[in-house]
Amino acid sequence: MIRANDNYSKLKASYLFSDIAKRVDEYQLKNPEAQIIRLGIGDVTRALAPAVIKGFHEGVDEMARDATFRGYGPEQGYDFLRDQIAKNDFQDRGADISADEIFVSDGAKCDTGNFQELFAKDITMAIPDPVYPAYLDTNVMAGRTGEFEGGRYGGIVYMDCLKENNFLPKLPDEKVDLIYLCFPNNPTGSTATKEELKVWVDYARENKALILFDAAYESFIRDEALPKTIYEIEGARQVAVEFRSFSKTAGFTGTRCAFTIVPKDCMIFNSKEDKVSLHAMWNRRHSTKFNGVSYPVQKAAQAVYSEEGKAQVRDQIAYYLNNADIIRKTVEFLGFDYVGGKNSPYIWIDGKDRDSWDFFDLLLSRASVVCTPGAGFGRCGKQYIRISAFNSLENVTEAMDRLKGALQ
Ligand code: MLT
């Protein structure tokens, strides 16, 4: 008899963004005339930059000729891309990361979800609340949690991120082995300074712990004082893995390309005396389960680092940041407290006494605007909604006008 992985029965029936899509589809069916504006899932809307398209085309053209055709590429990614990443995203910022510490993949969601496979089942994990749901759900699937009760899974150390602590997790009271951090944060849009990250790096070094650092939104950082990578913090090479993505940086949500940095100094322990290289383990996992990102997509990603590519993707981010400004101003005008939207595409809005799903339904029914209910990211999000700046300027402006009409 084929039997199910019973950890799946601990999960909520469907993934947050699938739940939202279902509700929105039902609303559209009942209101076929409604012009829905989607500011829910953080999905980009701008076309790929011209330089990126050129790189993509070149890759496709090479695949069209026997002489330049490519079959399987290196699982870890082509050197032409890894070299550019190492130089532009790390070495030029003074972060000591080499090309062979970079693993190119098809998405940060897959990598953040898959990385937990390397760890023992009985480690202690610290996860922020609210949090990007894939970190938690993949650990539930792997059997690393207890049951879901009172809005939380047993066996997890939750780090509340609230107004009182500036939406920054604080060090847990108990000893933990694995720590998930994300800055600029999804969903709150909050950011962390070098000093704030150093506290975590020091903690991890003292406790032989590991930080999984999701930096998928680093390209939204405009404040030069803020770190764009955890490797700007001294000592992070020994205790941190970083996840990056071209999805939000260069509009690759439908194109698929990301990368994960696993420094060779990072160790993982079988026992106090017996340590193994995390890089070697991830390499083993990656080359066993993954056959590399397609050649044209990697050529497209390489073009992000050309001079034109850099300028064009910077303009794209500026476009979304301008949307974020418009959203922030509207939220301020309406008298809500919020965080984010400055070095981030997300604005995290305090609905005061409103339940987040009620607030979601209200915006959908009165304004045909889709947001993300904070409860979907954890218990601490139950009175918040997240509005995303990923849409056209016209749609964001229209959505904010509708919000003013619906909420004033
Ligand atoms: C989000 O809306 O939180 C993200 O777009 C989801 C994702 O990147 O998978």
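Which residue forms a salt bridge with Lys 163, and how far apart are the closest N and O atoms? The partner is Asp 337, and the closest N and O atoms are 3.1 Å apart. A salt bridge here is a side-chain nitrogen of Lys or Arg within 4 Å of a carboxyl oxygen of Asp or Glu. The legends below describe a predicted model, in which local features need pLDDT of at least 70 and side-chain atom pairs count only at pLDDT 80 or more, while totals for chains, interfaces and linings use all residues. Residues are numbered from 1 along each chain as its sequence is written, and side-chain values use heavy atoms, with hydrogens and water left out.

**View 1. Two domains and the area between them.** The domain assignment splits the chain into domain 1 (14-43 + 308-407) and domain 2 (53-305); such bounds come from an automatic or database assignment. Their C-alpha centres lie 26 Å apart. In contact terms (heavy atoms within 4.5 Å), 32 residues of domain 1 touch 40 residues of domain 2. The two domains bury about 2,800 Å² between them, with 58% of it on carbon and sulfur atoms. On the domain 1 side, Tyr 15, Asn 343 and Cys 380 lose the most area to domain 2, together 24% of what that side buries. Buried area is the accessible area (1.4 Å probe) that two parts lose on being put together, summed over both.

**View 2. Polar pairs and elements at the domain interface.** The rule finds 2 salt bridges across the interface of domain 1 and domain 2. It also finds 15 residue pairs in polar contact there, both residues at pLDDT 80 or more. A polar contact is a pair of N or O atoms within 3.5 Å; within protein, one must be able to donate a hydrogen and the other to accept it, and residues adjacent in sequence count only if both atoms are side-chain atoms. On the side of domain 1 that touches domain 2, α10 (307-333), β13 (338-340), β14 (346-350) and β17 (384-388) each supply at least two residues. Helix α10 gives the most, with 9 residues. Helices (H or I, at least four residues) and strands (E, at least two) are DSSP runs, numbered from the N terminus.

**View 3. Residues around the ligand.** The residues around the ligand, each with a heavy atom within 4 Å of it, are Phe 17, Ile 41, Gly 42, Tyr 132, Asn 186, Tyr 217, Lys 248, Tyr 346 and Arg 386. A polar side-chain atom of Tyr 132 lies 2.6 Å from an oxygen atom of the ligand. For Lys 248, the distance from a polar side-chain atom to a ligand oxygen atom is 2.8 Å. For Tyr 346, it is 3.5 Å.

**View 4. The loop between β7 and α6.** Two cis peptide bonds appear in this view. The bond from Phe 183 to Pro 184 is cis, with omega near -10 degrees, and Pro 184 lies in the loop between β7 (178-182) and α6 (194-207). Asn 186 and Pro 187 are also joined by a cis bond, with omega about 15 degrees; Pro 187 is found in the loop between β7 and α6. Asn 186 is also one of the residues around the ligand.

**View 5. A salt bridge within helix α2.** The search of the whole structure finds 25 salt bridges. Lys 54 and Glu 58 meet in a salt bridge (3.5 Å, N to O). Both lie in helix α2 (residues 50-63), 4 residues apart, about one turn of the helix.

**View 6. Positive phi at Lys 208 and Ser 368.** Most residues other than glycine have a negative phi, and most peptide bonds are trans. Lys 208, in the loop between α6 and β8 (210-214), has phi near 50 degrees. Ser 368, in the loop between α11 (356-367) and β15 (369-370), has a positive phi of about 55 degrees.
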